[in-house]
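Here's a quick look at how the domains of one chain meet, and at one helix pair along the way. Have the model open while you read.

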Amino acid sequence: TLSNSLAAADIAHTLHPNTNLRLHEKNGPLVIARGDGIHVYDDRGKEYIEGLAGLWSVGVGFSEKRLADVAYKQMLKLPYYHTFSSKGHEPSIRLAEKLAEMTPEPLTRAFFTSSGSEANDTIVKMVWYMNNALGRPKKKKFLSRIKGYHGITIAAGSLTGLPVNHKDFDLPAIPVHHLTCPHFYRFGTEGESEADFTARLLAELEAVILSEGADTIAALIGEPLIAAGGVLPPPVGYWEGVERICRANDILLVADEVICGFGRLGTPFGCQKYGFTPDIMTLSKQITSSYMPLAAIMLSEPIYQVIADNSEKLGIFGHGFTASGHPVATAVALENLAIMEERDLFGNAARLEGVFQAGLRSFADHPLVGEARGTGLIGAVELVADKPTRRPFAKVGRAGQIASAIGHEEGLIFRAIGDQLALCPPMIITEDEVGELMARMDRTLERLTGAVAA
Ligand code: PLP
């Protein structure tokens, strides 16, 4: 059959990203053939709720014809042009204007790349270029957090704080210091309150700045809510404190909103949920609902002014991509954002936050669930071997993998991050569909108990 020949060809010729390849050769691929709303269908016709919106990214769902139409029309009119050397085209200009209008006040300027990783690499270079221009070339170091995810290229992968993205690649390759992960359930100590935990993290930040020297630290980058590291909402008061300390030490604050942006947390941008204002913002994924690859860096006006001054005096900012501001990608982004606005999808996430989070929290009673957590339309359940002591499974990821396989049988795709099961459904989801998603998750967890013991 077609399905068998596809599977064989895949096994013979593809090196899948982020995959246990020997296991893949044994089990074969899950080939997704088409999409409809919050659902995808495999090549045998089986239906799944895409509980992670692809990779946290397909906001408008899997069958938005308007995005296909816009891409088609743009391809006929101007399929490609670049944005180097003052050249431009309408979709990228309009998108820059639109993003400047949507994002928090100090952010006025957009630089486009095709992926979140490229965007964060670009930010590192922009900040270095800026500090060189300001005559402080020593101010190069980045602060990041353990379990933060900022991509996988050499610089972005260095900012990422996950061992799997470092250990076989000699990373970090740029000066970066990873701070304690702000996840109370795992990193809080015995008897410590959440407020004490926040105070300890902020004291650590101050101590690191003192020991390394504020004159060596360029910026702190963080996801408002750490997503790919396990969906880890920060403790109360964390971001306000981080912002205060960064401002006091002339350290730029970079919000990586690749997942948290565009309404996911129930506010337009994640930084607004936690009450801080970044100097730089990374956007991607839901910017086009991932119908086309695109990312944007948003910069505050003062940063732009330094770069602009320097580009005349000392030499241009020698950085850019063939696809920076690609007309089809930026046209699709504009239409995607228009759809999100017309259908009030940011509002939908805010309205459904209550049922979605209540559904998740209902799993907290399950014997294998240590913590059920999240905010807005994103969340996770963390599986543990022993609930009272929070002891993880000896072989991390096995329970998660079993859960994924059962989930597939139940018609639900989520992401197992080790033994943390992450949910981040398309933003078009309805209340009934949230109910159905949670019912499938419930059946998955019911069956998991026996399967993990076996
Ligand atoms: N930053 C964050 C917060 C992300 O979640 C991701 C991807 O998941 C990235 C950056 C990297 O984006 P990309 O995979 O497009 O390079």
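How many residues of domain 1 are in contact with domain 2, and how many of domain 2 with domain 1? Keep in mind that this is a predicted model. The count comes to 24 residues of domain 1 against 22 residues of domain 2.

As for what those domains are, the domain assignment splits the protein chain as follows.

| Domain | Residues |
|---|---|
| domain 1 | 31-60 + 344-453 |
| domain 2 | 67-342 |

Between the C-alpha centres of domain 1 and domain 2 there's a gap of 27 Å.

Now for the side of domain 1 that touches domain 2. Helix H3 (53-56), helix H14 and the strands S11 (369-375), S12 (378-383) and S15 (420-423) each put in at least two residues. H14 gives the most, with five residues. Sorted by class, that side of domain 1 has 13 nonpolar, eight polar and three charged residues.

H14 is worth another look, this time with helix H16. H14 covers residues 345-361 and H16 covers residues 431-453; their axes come within 10 Å and cross at roughly 10 degrees. Angles under 35 degrees count as roughly parallel, so H14 runs roughly parallel to H16.

Which residues do the meeting here? From H14 you get Leu352, Val355, Phe356 and Gly359, and on the H16 side they meet Glu431, Val434 and Met438. Break this H14 and H16 contact down by class and you find five nonpolar residues, one polar and one charged.

Note on methods. Residues are numbered from 1 along each chain as its sequence is written. This is a predicted model: local features need pLDDT of at least 70, side-chain atom pairs count only at pLDDT 80 or more; totals for chains, interfaces and linings use all residues. Axes are lines fitted to C-alpha atoms, for helices over the stretch in contact, and angles run from 0 to 180 degrees between N-to-C directions. Helices (H or I, at least four residues) and strands (E, at least two) are DSSP runs, numbered from the N terminus. Angles under 35 degrees count as roughly parallel, over 145 as roughly antiparallel, 65 to 115 as roughly perpendicular and the rest as oblique. Two residues are in contact if their C-beta atoms, placed from the backbone, lie within 7 Å. Ala, Val, Leu, Ile, Met, Phe, Trp, Tyr, Cys and Pro count as nonpolar, Asp, Glu, Lys and Arg as charged, and the others, Gly among them, as polar. Domain bounds come from an automatic or database domain assignment.
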